[in-house]
Amino acid sequence: MGNSYSTPKSPPYLLEEPPATTTTIAATTKEPKKLALIPLIFLIYFEVAGGPYGEEQAVGAAGPLLAILGFLVFPFIWSIPEALVTAELATTFPGNGGFVIWAHQAFGPFWGSLMGSWKFLCGVINIASYPVLCVDYLKLIFPIFSSGLPRFSAVLFSTLGLSFLNYTGLTIVGYTAVCLGIISLSPFLVLALISIPKIEPIRWLSLGEKNVKKDWTLFFNTLFWNLNFWDSASALAGEVDQPQKTFPKALFSAGILVCLGYLIPLMAATGGTPLDQEDWVDGYFADIAEIIAGKWLKVWVEIGAVLSTIGLFEAQLSSCAYQLLGMADLGFVPRFFGLRSKWFNTPWVGILISTLFALAVSYMDFSDIISSANFLYSLGMLLEFASFLWLRRKLPTATRPYKVPMRLPGLIIMCLVPSCFLVFVMAIATKTVFVVSGLFTVVGILWFFLMNFCKSRMWIGFNNVGERVEDGDVDYRSE
């Protein structure tokens, strides 16, 4: 397997136009194609949503009206602030690593490394769940995959096969995401059209059945985890064609796609069928499809669910792999983490490490680990909001190709609302989640000091830690 390294120096951030690539490729490696707008839109779409699968629990927890209002209003108080922060920082610092770069530039290498640990662990744990979900759908058709060696083998080979697709190139992954997105959304478009004559708008106003108690924790968690991870694609910003122009457009377009992808099926399903609130659990959209249109649409929805999990896997694995590449550029992990394939120019070591972590987790009883990953994600987002605000104060004259049109007080308010929600989500976590998240955080801290020790002893090759930008070093061109 041919290799090439990431560049040993810090990526040149804060440029009018990004460099042709954030990494220097060996002479034998072809200049790679950059990720275009449409594939980036669908990669962001799969990072965040992947379809309406999973939103059913919001109806079960609080009824149709609050579920519809939740997916209509919540993007404005959570998704849009996160997307705006991502748009500004990803275009100001258009390098692989994304949020790791932002925390490093704002608060120094310790916080950059810790951000990387939190986000990477969160990412690989989420990756681990997707092949398991695929096999869970598969066992409905082939019961042999329910347990034992067949299930073990199915999880193993599906993970390895999907990881190989990622190895073949980000452009291929991007256009695969486009196809998967169109196919997985199409049954819901058909569902919406067929349900039109059956819709009774009064059903949308229902607050739920009187004998069903509202589950606010489940309701808010469902909204939260179906509308987050807008920042994940920033980890591969160095692979995007003209990221300063492309990222804001992609985030805006993906935002519209995500919201419509949730609201249209939700309104069709709740308006087109009588409410039986206890039935609204994960996977109920397939049953709704059968009620409204027949068995054929139920099968189509279930196939779409499998394709959606494949898209989620590919998008998340890409972010994790390119995050490790960016961390190698910054010197937070050994230089060999930045090795690229000679044939595909993909970070094969990052893909391999992410895949091995995901495989290890996929064979565990990981319900508490999944919850802990969400906790780590919340910690990372709090650090991300803090980094955004501090960089606005620290680098007020920096050239920002996209700039959130607010002054610092307005930005603080914009970040405060989702930050309060993050704190709320962490506060209601179980003791086990607190303990597991604490252990993961300790591992991240120890990793930082271990890497520094290895650098001082020169046991492993590292790139030099990227220099932090000071305001005086920034081009003062008008925005």
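**View 1. A closed-off space of about 90 Å³: that is how much room the largest cavity holds.** The model is a predicted one, where local features need pLDDT of at least 70, side-chain atom pairs count only at pLDDT 80 or more, and totals for chains, interfaces and linings use all residues. Residue numbers start from 1 along each chain as its sequence is written, and side-chain values use heavy atoms, with hydrogens and water left out. On a 1 Å grid over the protein atoms alone, a cavity is a set of points where a 1.4 Å probe fits but cannot get out, while lining residues have an atom within 4 Å of a point. Points are joined across faces, edges and corners, and a volume is the space filled by probe spheres set on them. The structure holds one cavity of 30 Å³ or more. Its lining takes in 13 residues, with Phe99, Lys119, Ser232, Gln316 and Gln323 nearest the centre. Helix H5 (109-141) and H11 are the elements that give two or more residues to this lining; H11 has the largest share, four residues. Helices here are DSSP runs (H or I, at least four residues), as are strands (E, at least two), both numbered from the N terminus.

**View 2. Here is the largest pocket, at about 1,600 Å³.** Of its 49 lining residues, Gly54, Gln57, Leu133, Trp225 and Asp282 sit closest to the centre. A pocket is an open set of points with protein on both sides within 12 Å along at least five of seven lines. Several helices give two or more residues to the lining, including H1 (37-48), H2 (56-62) and H14 (408-427). H5 chips in the most, with eight residues. The lining splits into 25 nonpolar, 19 polar and five charged residues. In this count, Ala, Val, Leu, Ile, Met, Phe, Trp, Tyr, Cys and Pro are nonpolar, Asp, Glu, Lys and Arg are charged, and the others, Gly among them, are polar.

**View 3. This one goes to the largest nonpolar core, a group of 125 residues.** Leu40, Ile44, Trp78 and Phe388 have the most contacts inside it. Helix H11 (residues 295-330) supplies the largest share, 17 residues. Such a core is a set of buried Ala, Val, Leu, Ile, Met, Phe, Trp, Tyr and Cys residues joined through side-chain atoms within 4.5 Å. Buried means under 20% relative accessible area, exposed over 50%, and partly exposed in between (1.4 Å probe, protein chains only). Skipping residues up to four places away in sequence, Trp78 touches Phe224, Leu227, Asn228, Tyr377, Met381, Phe385, Pro418 and Leu422.

**View 4. Meet Ser372, found in helix H13 (residues 367-394).** Ser372 is buried, with a relative accessible area of 0%. Leaving aside neighbours within four places in sequence, Ser372 is in contact (heavy atoms within 4.5 Å) with Val433, Val436, Ser437 and Phe440. The C-alpha atoms of Ser372 and Ser437 are separated by 5.2 Å, though the two residues are 65 apart along the chain.

**View 5. Residues 5-29 are a stretch where pLDDT stays under 50.** pLDDT is the predictor's confidence in each residue, from 0 to 100. Where it is low, the predicted coordinates should not be read in detail. The model has 68 contacts beyond four places in sequence for residues 5-29. Residues 474-479 are also below 50, with 17 contacts beyond near neighbours in sequence. For the protein chain, the mean pLDDT is 87, and 89% of its residues reach 70 or more.
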